[in-house]
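Thanks for making the time, everyone. I would like to walk through one model this morning, beginning in the middle of its sheet and working outwards from there.

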Amino acid sequence: MKMQLKTLGRTGVKVPEIGLGTWEFTGKPETLRRGVEIGASFIDTAEIYGTEDVVGKAISGIRQKVFLATKASPNHFKYDDLLMAAENSLRRLGTSTIDLYQLHWPSNDVPIRETMRAMEKLVKEGKIAHIGISNFSVQQTKEAQEALSRYEVVSNQVEYHLLDRSIESELIPFCERESITIVAYSPLARGSLAHPSIRNKRLSSVLESVRRTEGKTTAQVSLNWINSRENVVAIPKANSPEHVREDCEASGWHLSQKSFELIDEASKG
Ligand SMILES: NC(=O)c1ccc[n+]([C@@H]2O[C@H](COP(=O)([O-])OP(=O)(O)OC[C@H]3O[C@@H](n4cnc5c(N)ncnc54)[C@H](OP(=O)(O)O)[C@@H]3O)[C@@H](O)[C@H]2O)c1
């Protein structure tokens, strides 16, 4: 298996197109370590998940091999609060730098300029390497970009999978133009796409037939399809080493044009 790498924003930094999500991760640190060993070296967590500790254990001793992403919650978007939230995440993760620090979702209360001032201070001090956002619309992404004076927004983490392609109309084209990486969350639709019997019967039968033709699993076909875009990487969550391996093996090959189009047609609308 050869994990495909993609460039993060305009940074020149390469990240694997399959990472390791950790929301509701209840597996062992070894499972995440195994994922890193086989190429899924992008680990995503958040202060709100309660999994920064287990991620910290997983990366202990292999920190330099990992691209580490976490998120701050909007109740910490005031200047001093964000600086403190970052310190707390660093402590729980047992590291001195976060590679990608993301604003978990937009705030209605704190002006984005104030939050981004704190983000820029964190970059300047080397506590975070890159600034990301999550669940931001096109307009909110523009405002986030404009609020930064020295650095760029490199990624937007949003929901994207075969049962919800709504970001394809505006957000993906905008992010492609702006060289902002889309980090696709819930890429297996919270597990639905790993099983053949999903509610969309047409898609279900197409995935079953493509899976057989390609000699892959439904999860692999689903992940491979969304990752066919150059600026998308996916972060499935898997508790077991078997699922981690299966998800990683969604990378390093291409669906045939015919399979791609069948899925495209069946998953529209
Ligand atoms: N930014 C945000 O607001 C936001 C929101 C939601 C999620 N996220 C991020 O995105 C990550 C992934 O999203 P998600 O956890 O919502 O859903 P997901 O990755 O779409 O699905 C996870 C589910 O799929 C199962 N699964 C994974 N690989 C499988 C395989 N090969 N075969 C069968 N089942 C498989 C998992 O089971 P097992 O665990 O039993 O293996 C789990 O039940 C999160 O962990 C988090 O890091 C971010």
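Let me start with a single pair: Val183 stands opposite Val233 in strand 10. Before going further, I should say that this is a predicted model, in which local features need pLDDT of at least 70 and side-chain atom pairs count only at pLDDT 80 or more, whereas totals for chains, interfaces and linings use all residues. Residues are numbered from 1 along each chain as its sequence is written.

Strand 9 (residues 181-185) pairs in the parallel sense with strand 8 (residues 153-159) over five bridges, and three bridges join strand 9 to strand 10, again running parallel. By strands I mean DSSP runs of E with at least two residues, and by helices runs of H or I with at least four, both numbered from the N terminus; two strands pair if DSSP finds at least two bridges between them. On the side of strand 8, Val158 stands opposite Ala184 and Asn156 stands opposite Ile182. The chain crosses from strand 8 to strand 9 through helix 6 (residues 171-177), and this β-α-β crossover is right-handed, meaning that, with the strands pointing away from the viewer, the path from the first strand over the helix to the second runs clockwise.

How many of the residues of strand 9 are buried? Five of its five residues are, where buried means that 20 or more other C-beta atoms lie within 10 Å of the residue's own, exposed means 12 or fewer, and partly exposed is in between, with C-beta atoms placed from the backbone. In a regular strand the side chains alternate between the two faces of the sheet. Here Thr181, Val183 and Tyr185 point one way, while Ile182 and Ala184 point the other.

Ala184 also appears in the largest nonpolar core, which has 74 residues and in which Phe42, Ala86, Tyr101 and Ala184 have the most contacts; such a core is a set of buried Ala, Val, Leu, Ile, Met, Phe, Trp, Tyr and Cys residues joined through C-beta atoms within 7 Å.

Turning to the sheet as a whole, it is open, with eight strands in the order 3-4-5-6-7-8-9-10 and parallel pairing. Strand 3 and strand 10 (232-234) stand at the edges with a single partner strand each, so one side of each is left without a neighbour in the sheet.

Strand 6 (residues 98-103) is largely enclosed by the rest of the structure, because six of its six residues are buried. Strand 6 pairs with strand 5 (residues 67-72) in the parallel sense over four bridges, and the chain passes between them, from strand 5 to strand 6, through helix 3 (residues 79-93) in a right-handed β-α-β crossover. Towards strand 7 (residues 128-134), with which strand 6 runs parallel, there are five bridges, and the crossover from strand 6 through helix 4 (residues 112-124) to strand 7 is right-handed.

Finally, the ligand: 26 residues surround it, the closest being Gly21, Trp23, Gly191, Ala194 and Lys237, where a residue counts as near if its C-beta atom, placed from the backbone, lies within 6 Å. Helix 9 gives the most to this shell, with three residues.
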